Each structure stands twice: as C-alpha cells, then as structure tokens.
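Colleague: I have this one open and would like to go through the helix packing and the empty spaces. Can we start with the helices?

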Amino acid sequence: MKKSPARGIAALVVTAALALAGCSSGGTTTQPSGGGDGGGAAKEYRVGVTQILAHQSLDAAREGFKEALADAGLKVTYDENNAQGEQATATAIAQKFNTGNVDLVLAIATPTAQASAQVITNKPILFTAVTDPVAAKLVASTDKPGANVTGTTDMNPVADQIALVKKLKPEAKTVGVIYSSGEVNSEVQVELAKEAAKAEGLELVEKTITNTGEVAQAAASLDVDAIYVPTDNNVVTGLAAVVQVTEQKKIPLVVGEGDSVRAGGIITTGIDYRQLGYQTGEMAVRILKDGADPATMPVEAQKEYTTFVNKKAAERMGVTIPEDLLTGATDVSS
C-alpha cells in the first residue's frame with residue numbers, strides 16, 4: 001500500500017516531539033538501592049516520568065516520588081521527560097513509554113496523565129498533581145479506578161483559600177482569578193472558587209490564558225481587591241509576573257499551594273507537593289514490589305493540609321497578616 005504524505009508528516013512530528021522531550025528531560029538518572037529486601041540481587045526497575053512543565057510544585061512532586069522509592073530500597077532507573085506545555089509532545093512521550101521497556105509510568109499533572117492514559121493500557125500508570133481524576137476521565141471512580149491508572153489528587157480546600165482573602169483584607173469586594181482555559185483541573189477549581197466567593201460576599205473576576213506568556217498581561221488587566229492563583233500549571237510557571245502586579249498594586253495574593261507561597265504569594269492552606277509526590281511513590285512501591293493492582297487501588301489525597309505564610313511577601317504587598325493566621329501556620333517564611 002502506498003504511503004500517504006500525511007502519514008509521513010505525522011511520523012516526523014512525533015519524531016521531532018520525542019527529540020524535544022529527550023533534550024529537556026535532563027537525561028536518564030539512576031537512583032541507587034537503599035538496601036533491598038535481602039532476597040539476593042535487587043531487581044532494577046525502570047520508571048518513565050512525563051511532566052507537563054517545569055515549575056517548583058511539579059518538580060517537588062517528582063523529587064518526593066523518587067525519594068519514596070529510594071527510602072524503600074528500590075533500585076530504579078528513571079527516564080525523565082518534560083512536555084514543555086505541549087500536548088502533542090506529551091502524547092509522543094506516552095507513545096515512547098508504551099513501546100519501550102518501562103515497568104511503571106509516573107505522569108505529573110493532568111495533561112500528561114490524560115495523554116498517558118489514552119495511549120498506554122498494558123503498564124501501570126501513576127498520576128500526581130491531578131485535581132479531579134474523574135472529571136479528567138482518568139479513573140472510573142476514586143474508590144475503584146478500574147483500569148491501569150491510579151494516583152494522588154491535589155484537590156485543594158478552595159473554599160478555605162478564598163476565605164483567606166477576607167481575613168487579609170476584610171473590606172475586599174472583588175477577587176481576581178487567572179487560569180488556563182484548557183486545563184480541566186483549573187476549571188474545577190474555578191467553579192469551586194465561584195461558590196466560595198459568593199459565600200464570602202466577593203465577586204470573582206476571571207481572566208483566562210492559554211499559555212504562560214499571557215500571565216503578565218492577564219494579571220495587569222485585573223482591577224480587583226485581591227488575586228487568587230489556583231494550582232494551574234501555566235499560571236504557577238509565570239507566578240513572578242503575578243507577584244510583581246500585586247506588589248505594585250498593594251493587594252494580597254492568595255495561592256493554591258505551598259511552593260507558590262515560597263515563590264512570593266502571601267498565604268495558603270493547601271498541598272505540599274513534595275509530600276504528595278512521596279505518597280505517590282509509596283503507591284509505586286506497592287505496585288512494583290508487592291504486585292498491587294492499580295485497578296483496585298483507590299486514588300489518594302494528601303493526608304493533612306499545611307498553612308504556609310510568607311511574611312516578606314505580605315510586607316511588599318502592604319498587607320498585615322492577622323496574628324491568628326500566623327499562630328496557626330506550620331510553614332512561615334520571613
């Protein structure tokens with residue numbers, strides 16, 4: 001059968017995408033064994049990692065995952081790949097893992113998890129940093145995933161986070177939110193934020209973006225009393241631009257997770273991504289070492305939320321943090 005030009009072009013696209021992913025992955029790394037289980041030579045596992053973007057939260061989840069496997073004494077070789085925010089590249093990475101020699105795939109963030117689940121059916125996939133795996137069509141239910149995919153959710157206490165706006169600025173009437181229109185995880189959080197804002201007597205003003213390059217303009221265009229940034233990959237990657245705007249306008253910036261507080265947000269009650277990644281790694285140990293079946297492993301959430309505070313950021317934004325919030329915080333940057 002004659003090969004069509006379209007098929008040839010598609011093959012070139014996939015090849016180019018894989019080349020890009022390989023260049024951005026930092027190469028293959030090996031995690032030495034922490035001791036093994038004493039049953040002779042320890043088996044060496046191969047784990048494929050696919051990450052949608054590089055930013056502090058997703059990087060922390062990846063490192064937490066690797067730490068858990070090292071602590072369990074597993075000898076692991078990692079094939080790490082970064083899709084650079086491109087869904088086509090995420091799909092190409094998934095196709096590489098599907099035909100390659102990997103024992104397990106770690107998909108970090110919703111887009112890469114979706115790409116992996118659509119392509120890979122014969123190998124276990126663990127996701128992390130996914131807000132709503134059911135809405136993303138990754139699992140049948142959180143209790144019984146039903147296939148080869150399970151993992152950890154980073155669903156935040158969005159209502160508690162929106163309530164922080166009023167605690168930092170009681171007179172606030174409006175709160176702006178910036179998020180990616182194409183990210184399911186962000187859309188879920190914004191819907192929760194709408195309900196929470198209404199309960200707090202706040203008007204939620206939305207600004208949508210399609211990539212990190214649009215974050216600065218979106219932030220600058222908001223005429224609001226405070227800004228809220230959910231766990232949106234593009235916005236968190238461009239968080240410095242949001243921080244700059246809130247400092248200039250002297251309005252509080254409430255964020256969705258701890259790494260964004262450390263990067264310049266004032267406060268959150270939410271996820272510690274390194275801990276979440278570690279928890280995902282513990283699930284990987286059960287699959288690789290004990291033969292657990294992802295189909296029957298419930299999706300896990302972080303066991304405890306942490307309150308993070310950045311006192312210097314508050315000063316730069318002209319905000320006084322109430323004493324009760326400081327007292328209740330477990331991670332205070334000053």
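**Helix contacts, then spaces**

Modeller: In α5, the residues Val158, Ala159 and Ile162 meet Gln189, Leu192, Ala193, Ala196 and Ala197 of α6. Bear in mind that this is a predicted model.

Colleague: How do the residues of that contact of α5 with α6 divide into nonpolar, polar and charged?

Modeller: Seven are nonpolar, one is polar and none is charged.

Colleague: And at what angle do α5 and α6 pack?

Modeller: At about 50°, with the axes 9 Å apart. Here α5 covers residues 158-168 and α6 covers residues 184-199. Angles from 35 up to 65 degrees count as oblique, so α5 and α6 are oblique to each other.

Colleague: Is the crossing of α5 and α6 left-handed or right-handed?

Modeller: Right-handed.

Colleague: Moving on to α2 and α11. How far apart are their axes?

Modeller: They are 6 Å apart, and the two helices pack at an angle of about 40°. That angle makes α2 oblique to α11. The crossing of α2 and α11 is right-handed.

Colleague: Which residues make the contact?

Modeller: From α2, they are Ser57, Ala60, Ala61, Glu63, Gly64, Phe65, Glu67, Ala68, Leu69 and Asp71. From α11, they are Tyr273, Arg274, Gly277, Tyr278, Thr280, Gly281, Glu282, Ala284, Val285 and Leu288.

Colleague: How many residues in the contact of α2 with α11 are charged?

Modeller: Five are charged, five are polar and ten are nonpolar.

Colleague: What about α3 and α4, at what angle do they cross?

Modeller: Roughly 45°, and their axes come within 8 Å. That makes α3 oblique to α4. The crossing is right-handed here too.

Colleague: Which residues of α3 and α4 meet?

Modeller: Gln87, Ala90, Thr91, Ala94, Gln95 and Asn98 are on the α3 side. They meet Pro111, Thr112, Ala115, Ser116 and Val119 in α4. By type, the contact of α3 with α4 has six polar residues, five nonpolar and no charged ones.

Colleague: Enough helices. How much space lies in the largest pocket?

Modeller: About 300 Å³. Its lining is made of 20 residues, and those nearest the centre of the pocket are Ile52, Gly85, Glu183, Thr210 and Asn234.

Colleague: Which helix gives the largest share of that lining?

Modeller: α4, with three residues. At least two residues of the pocket lining come from each of α4 (110-119) and α8 (233-237).

Colleague: How does the lining of the largest pocket divide by residue type?

Modeller: Into 13 polar residues, five nonpolar and two charged.

Colleague: And closed spaces? How many cavities of 30 Å³ or more does a search of the whole structure find?

Modeller: One. The largest cavity has a volume of about 60 Å³.

Colleague: Which residues line the largest cavity?

Modeller: The lining consists of His55, Ser57, Leu58, Ala129, Asp154, Asn185, Thr231, Asp232, Asn233, Val236, Glu257 and Tyr273. Ser57 and Tyr273 came up earlier, in the contact between α2 and α11.

Colleague: Which helices each supply at least two residues of that cavity lining?

Modeller: α2 (56-71) and α8. As noted, α8 also supplies at least two residues of the lining of the largest pocket.

Colleague: Last one. How many residues lining the largest cavity are charged?

Modeller: Three, alongside five polar and four nonpolar.

Conventions:
Residues numbered from 1 in each chain as written. Predicted model: local features only at pLDDT ≥ 70, side-chain atom pairs only at ≥ 80, totals over all residues. Heavy atoms only, no water. Axes fitted to C-alpha atoms, helices over the stretch in contact; angles between N-to-C directions. Helix = DSSP H or I, 4+ residues; strand = E, 2+ residues; numbered from the N terminus. Parallel < 35°, antiparallel > 145°, perpendicular 65-115°, else oblique. Left-handed = near helix turned anticlockwise from the far one by under 90°. Contact = heavy atoms within 4.5 Å. Nonpolar A, V, L, I, M, F, W, Y, C, P; charged D, E, K, R; others polar. 1 Å grid on protein atoms, 1.4 Å probe; cavity = no way out; pocket = protein on both sides within 12 Å on 5 of 7 lines; lining within 4 Å. Points joined across faces, edges and corners; volume = space filled by probe spheres on them.
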